[in-house]
Amino acid sequence: MRSLFILLVVALPLLAAPVPKVKAKTTEEKLIGKWRMTQSDTGGGRRGYEFFVIFKEKGELELRYEYTNGIPPQSYTGTYKVIGDDKIDYTVDQNGRKKTEVLDITTLTDTEVAWTDPDKLKESLERVKDDK
């Protein structure tokens, strides 16, 4: 009986310990990875290639065109930063010409991101699963 009492005195506080809270991911943490364009207001006329946006750590960015007809992939690199929780400010070098925009994020989940650009064009992307 005495050992049961000691066990309860020791074990009861452990059962009442608070459950650690899981820290929610930041917008930047959610964005990191490779995303495939699935829809764009510029039209569905993209034939012969897939377009990817790759958000990397430390604010690095890659825009990548992967062609289906044997042409080697083409990439443009740049930088990005998240403003607040709902904007992406990015700059990319496209053959010596700098392009800078601020995108308004309208949807961001673990598998989908959508935004509106300054010209009010809407684009949706899906996360590409790691091949690892």
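Strands β2 and β3 are a good place to start: they pair in the antiparallel sense, over 7 bridges. Keep in mind while looking around that this is a predicted model. In this pair of strands, Val53 stands opposite Leu63 of β3. The two strands also form a hairpin with 4 residues between them, and there Lys58 takes a positive phi near 65°. As for β2 itself, 5 of its 7 residues are buried, so this strand is largely enclosed by the rest of the structure.

Now step back for the overall plan. The protein has 2 helices and 8 strands. Following the sequence, you meet them in the pattern α-α-β-β-β-β-β-β-β-β. The strands make a closed barrel of 8, running β1-β2-β3-β4-β5-β6-β7-β8 with antiparallel pairing. Neighbouring strands of this sheet are turned by 35° against each other on average, if direction is ignored. What holds such strands side by side? Strands of a sheet pair through backbone hydrogen bonds, either parallel or antiparallel.

Where does the barrel close? Look at strand β1 (residues 33–40) and strand β8 (residues 122–127), which run antiparallel and are joined by 5 bridges. One spot to find there is Ser40, whose bridge partner in β8 is Glu123. On its other pairing, β1 meets β2 in the antiparallel sense over 4 bridges. Here the partner of Lys34 in β2 is Ile54.

Let's go back to Leu63, which lies in strand β3 (residues 60–67). Is Leu63 buried or exposed? Its relative accessible area is 8%, and the cut-off for buried is under 20%, so Leu63 counts as buried. Setting aside residues up to four places away in sequence, Leu63 touches Phe51, Phe52 and Val53, then Gln74, Ser75 and Tyr76, and finally Val92 and Gln94. Leu63 and Gly78 are 15 residues apart in sequence, and their C-alpha atoms are 8.3 Å apart in space.

That brings us to Gly78, in strand β4 (residues 74–83). Gly78 is buried too, because its relative accessible area is 16%. Beyond residues up to four places away in sequence, Gly78 touches Gly59, Glu60 and Leu61, along with Thr91 and Val92. Val92 is therefore a residue that turns up in the contacts of Leu63 and of Gly78. Another pair to look at is Gly78 and Phe55, which are 23 residues apart in sequence and 9.8 Å apart in space, C-alpha to C-alpha.

Next, move on around the barrel to β5 and β6, which run antiparallel and are joined by 8 bridges. Within this pairing, Asp89 stands opposite Val102 in β6. These strands form a hairpin with 2 residues between them, and Asn95 in the turn has a positive phi of about 55°. β6 also runs antiparallel to strand β7 (residues 112–116), with 4 bridges joining them. Ile105 stands opposite Trp115 in β7, and a hairpin of 3 residues joins β6 to β7.

Pause at Glu101, which sits in strand β6 (residues 97–108). With 13% relative accessibility, Glu101 counts as buried. What does the side chain of Glu101 make a polar contact with? The partner is the side chain of Tyr90, at 2.8 Å. Leaving aside neighbours within four places in sequence, Glu101 is in contact with Ile88, Asp89, Tyr90, Asp117 and Pro118.

Several of these names come back at the largest pocket, which holds about 330 Å³ of space. Of the 19 residues lining this pocket, the closest to its centre are Phe51, Leu63, Tyr90, Lys99 and Glu123. Leu63 is the buried residue of β3 from earlier, Tyr90 is the polar partner of Glu101, and Glu123 is the bridge partner of Ser40. Which strands each supply at least two residues of the lining? They are β2 (49–55), β3, β5 (87–94) and β6.

To finish, here are two figures for the whole protein. Of its 132 residues, 27% count as buried. Among the contacts with a separation of 6 or more, 31% come from residues 24 or more positions apart.

Note on methods. Residues numbered from 1 in each chain as written. Predicted model: local features only at pLDDT ≥ 70, side-chain atom pairs only at ≥ 80, totals over all residues. Heavy atoms only, no water. Buried < 20%, exposed > 50% of the residue type's maximum accessible area, 1.4 Å probe, protein only. Contact = heavy atoms within 4.5 Å. Pairing = 2+ DSSP bridges. Axes fitted to C-alpha atoms, helices over the stretch in contact; angles between N-to-C directions. Polar contact = N/O pair within 3.5 Å; in protein donor to acceptor, adjacent residues only side chain to side chain. 1 Å grid on protein atoms, 1.4 Å probe; cavity = no way out; pocket = protein on both sides within 12 Å on 5 of 7 lines; lining within 4 Å. Points joined across faces, edges and corners; volume = space filled by probe spheres on them.
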